[in-house]
Amino acid sequence: MRIDVLTLFPELFDTFAGTSIVGRAVSAGSVEITCTNPRDFAQDNHRSVDDRPFGGGPGMVLSCGPIFEAVEHVRSGREVAPTLIMLTPQGERFDQQLARELSGESDLALLCGHYEGFDERIRLGLNPREVSIGDYVLSGGETAAFVLIDAIVRLLPGVLGDPESALDESFSHGLLEYPQYTRPRDFRGMAVPDILLSGDHAKMEAWRREQARERTQLRRPDLLKEDDEAGASGE
Ligand code: 6GU
């Protein structure tokens, strides 16, 4: 997969793209992450990328020129036109299903905004898919782009080892994770549940399933409802 990130702060991606699972995927060649800075396409001596809103009001608005040119730059000379995604709180909500869908694309371009927002003609002229990561306001799209890249890249073939993939399975079944323990067996008077020391694999599996269901019921009953609906429709 190739991911182009359009950002005014490309330095934020240096550490991110070199660390942990994403870093491993980049090193292995499973994903290539390239940043393009719209400021490099600014048209005036001050390298401006934003301006005051027509009609007045607080803050600044990202201008069309640098954004269109940056997008045209990442689109040029490409066999596959990248799927353009604008990170904005106005977008459709990102979830595991959308992560799975986007992990099937070969080329993504993530457009990160900053300041008060985008000139509306960026939407009209570039027709991006708009994605939000939740109902809160971030200062910029970069941290949201981290979230998308992490969730998508770990789904690419060969990025997770087998034990890690198995873990991911339980999430894709729509339940929260069961409680986990490692050594020591007793930590400050808190003991590991006996069943996990029993060696009875069928019993341990059943316990984990039950724990996952109970925990989901308690913390995220909405997930169980979606799960039932998916079950009823045969998904
Ligand atoms: Cl994708 N961008 C910004 N700026 N704020 C957000 C968001 C995205 N998702 C939730 N809040």
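This report walks through a predicted model, from its overall shape to its ligand site and some local backbone details.

Local features need pLDDT of at least 70 and side-chain atom pairs count only at pLDDT 80 or more, while totals for chains, interfaces and linings use all residues. Residues are numbered from 1 along each chain as its sequence is written, and side-chain values use heavy atoms, with hydrogens and water left out.

## The chain as a whole

Let us start with the overall dimensions. The chain has a radius of gyration of 22 Å, whereas a compact globule of 235 residues would have one near 18 Å. That radius is taken over C-alpha atoms, and the globule rule is 2.2 Å times the number of residues to the power 0.38. Along the principal axes, the C-alpha atoms fill a box of roughly 70 × 45 × 40 Å.

The chain holds nine helices and ten strands; these are DSSP runs numbered from the N terminus, with at least four residues for a helix (H or I) and at least two for a strand (E). Of the 235 residues, 40% count as buried. Buried means under 20% relative accessible area, exposed means over 50%, and partly exposed lies in between, with a 1.4 Å probe and protein chains only.

## Around the ligand

Now to the ligand. Its surroundings are made up of Leu87, Thr88, Pro89, Val131, Ser132, Ile133, Gly134, Tyr136, Leu138, Gly140 and Ala144, where a residue is near if one of its heavy atoms lies within 4 Å. The polar approaches of ligand nitrogen to the protein are set out below; a polar contact is a pair of N or O atoms within 3.5 Å, and within protein one must be able to donate a hydrogen and the other to accept it, with residues adjacent in sequence counting only if both atoms are side-chain atoms.

| Ligand atom | Protein partner | Distance |
|---|---|---|
| nitrogen | serine 132, side-chain N or O atom | 3.3 Å |
| nitrogen | isoleucine 133, polar backbone atom | 3.0 Å |
| nitrogen | tyrosine 136, polar backbone atom | 2.5 Å |

On its own the ligand has 290 Å² of accessible area, and the protein covers 95% of that. Such areas come from the Shrake-Rupley method with a 1.4 Å probe; for residues, only the protein chains shown count as cover. Strand E5 (83-93) and strand E8 (129-132) are the elements that give two or more residues to the shell, and E5 gives the most, with three. By class the shell has seven nonpolar, four polar and no charged residues. Here Ala, Val, Leu, Ile, Met, Phe, Trp, Tyr, Cys and Pro count as nonpolar, Asp, Glu, Lys and Arg as charged, and the others, Gly among them, as polar.

Threonine 88, found in strand E5, is buried at a relative accessible area of 7%. Threonine 88 and isoleucine 133 are 45 residues apart in sequence, yet 8.3 Å separates them in space, C-alpha to C-alpha.

## Strands and their partners

Strand E1 (residues 2-6) has four of its five residues buried, so it is largely enclosed by the rest of the structure. E1 pairs in the parallel sense with strand E2 (residues 32-36) over five bridges, and isoleucine 3 stands opposite isoleucine 33 in E2. Two strands pair if DSSP finds at least two bridges between them. E1 also pairs in the parallel sense with strand E6 (residues 107-112) over five bridges; there, leucine 6 stands opposite leucine 111.

Elsewhere, an open sheet of three strands runs in the order E3-E4-E7, with mixed pairing. Strand E3 (50-51) and strand E7 (117-118) stand at the edges with a single partner strand each, so one side of each is left without a neighbour in the sheet. E3 and strand E4 (residues 61-62) are antiparallel over two bridges, and valine 61 in E4 is the bridge partner of aspartate 51.

Aspartate 119 sits in the loop between E7 and helix H5 (120-126). Aspartate 119 counts as buried at 15% relative accessibility, and its side chain makes a polar contact of 2.7 Å with that of arginine 121.

## Backbone details

Serine 20 lies in helix H2 and has a positive phi near 60°, in a residue other than glycine. Serine 20 is exposed, at 59% relative accessible area, whereas Ile21, Val22, Gly23 and Ala25 of H2 (residues 20-28) are buried. Glycine 29 follows H2 with a positive phi near 85°.

Arginine 188 has a positive phi near 50° and is exposed at 73% relative accessibility. Finally, the peptide bond from arginine 183 to proline 184 is cis, with omega near 5°; proline 184 is in the loop between helix H7 (162-172) and strand E9 (186-187).
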